[in-house]
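Me: Could you take me closely through how the helices of this protein pack, both against one another and against the sheet? I would like one connected account that I can follow with the model open beside me.

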Amino acid sequence: MAKTICLYVESKEKIDFKKISSFVEDYFGFASKVKKLKEAIVQTKGLLYDPVGSERLFENIKFKRSDIDILITDKLIATYEESDRRLHLRAAIFGFPSVTSTSCIVEAPAKPKEYYLAKQKYSLLKAWELKEKEVKQKFKDSFIDYHDPRLTEVLKGYIAQAIFFELVGNPFCGNKSCRLFNAHWQEDLIRAQIKSGKFCKRHSLELLKIKEGDCHERKS
Ligand SMILES: [Zn+2]
C-alpha cells in the first residue's frame, strides 16, 4: 500500500490543500488526508518550546502507524539550542509527528538586512505604522508575509522535508535550488520554493526510487 500523509491543520492561514495533495501525489505517489482541527492542539500563546518532545500536545489525535503525520499550526514554534543557550524559531520541527508553522515561515528565516534597517529607521522616527505597507511592498519579492498567497507553495517544501525526514532521516539538501534546502534567509526560501519550486537532480532520483519502493513494498 502506498503511504498516506495526514495533514492536521490548526492554522488560520488560507492554504490550498488541493494543490498540496496533488504535489504529494505527483512527487511521492502518496495519498494525503487533511484534517482541520476544531480545537487547537498547540495551546500556547507564546513560543512553543520543542513541540515534538511534548507528546502530550498530540494525545487528542489518534495517529495511525502507517501514516506520515504533519501538524500545520500558526503558533510560533522553537527549539532550544545548547550552543548559544537560546530559543530559535523554526519554520518546521521534524519528528513523529513533524510540525510546521505558518507564522514561523514568516518569522524564522531572516528578512533582508535592508528591510530591518528601514524598519529601524522609521521606528525611530515613530513612522513605522505609516510606512510599513510601503516598505513591505518594496521588499515583497524578498520575504513571505502573513496572509501571503505564496504560503501554499512554500508549505509544499516543508511538507516534502517532513516526508523525507520520515522516510530517510534527513530532511535537508545543500542545493539552494532544491525544495529540501534549509533556508535561514527569506530570499533563500523564496529561491528554493518559489523561483525554483523543484528538487535537485539527486532528490528527483530519490523521489523516483520512493515511488518505485512503494511498488516493491506492495509486492512483498
Ligand atoms: Zn536536493
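Reply:
**Helix packing**

In this predicted model, Tyr115, Ala118, Lys119, Tyr122 and Ser123 of H3 are in contact with Trp128, Lys131 and Val135 of H4. Sorted by class, the residues of this H3–H4 contact are 5 nonpolar, 1 polar and 2 charged. The two helices concerned are H3, which covers residues 113–124, and H4, which covers residues 128–138, and their axes come within 9 Å while crossing at roughly 155°. Because angles over 145 degrees count as roughly antiparallel, H3 and H4 are therefore described as roughly antiparallel to each other, and the handedness of their crossing is right-handed.

The other helix pair to examine is H5 with H6. The axes of H5 and of helix H6, residues 186–196, also come within 9 Å, and here the crossing is at roughly 95°, which makes H5 roughly perpendicular to H6. On the H5 side the contact involves Glu153, Val154 and Gly157, and these meet Leu189, Ala192, Gln193 and Ile194 of H6. By class, the residues in the contact of H5 with H6 are 4 nonpolar, 2 polar and 1 charged.

H5 also leads to the sheet, since this helix, spanning residues 151–168, lies across S1, S4, S7 and S8 and runs at about 165° to S8. The sheet itself is open and has 5 strands, which follow the order S2-S1-S4-S8-S7 with mixed pairing. Its edges are formed by S2 (31–36) and S7 (92–93), each of which has a single partner strand, so that one side of each is left without a neighbour in the sheet. Helix H1, residues 17–28, packs on the sheet as well, where it touches S1 (4–9) and S2, and its direction makes about 150° with that of S2.

Within the sheet, strand S4, residues 68–73, and strand S8, residues 98–101, run parallel and are joined by 4 bridges; in one of these pairings, Ile70 has Ser98 in S8 as its bridge partner.

To place these parts in the whole, the protein chain has 7 helices and 8 strands, and buried residues make up 31% of its 220 residues. Among contacts in the chain with a separation of 6 or more, 66% are between residues 24 or more positions apart.

Conventions: Residues are numbered from 1 along each chain as its sequence is written. This is a predicted model: local features need pLDDT of at least 70, side-chain atom pairs count only at pLDDT 80 or more; totals for chains, interfaces and linings use all residues. Axes are lines fitted to C-alpha atoms, for helices over the stretch in contact, and angles run from 0 to 180 degrees between N-to-C directions. Angles under 35 degrees count as roughly parallel, over 145 as roughly antiparallel, 65 to 115 as roughly perpendicular and the rest as oblique. A crossing is left-handed if the near helix is turned anticlockwise from the far one by less than a right angle, and right-handed if clockwise. Two residues are in contact if their C-beta atoms, placed from the backbone, lie within 7 Å. Ala, Val, Leu, Ile, Met, Phe, Trp, Tyr, Cys and Pro count as nonpolar, Asp, Glu, Lys and Arg as charged, and the others, Gly among them, as polar. Two strands pair if DSSP finds at least two bridges between them. A residue is buried if 20 or more other C-beta atoms lie within 10 Å of its own, exposed if 12 or fewer, and partly exposed in between; C-beta atoms are placed from the backbone.
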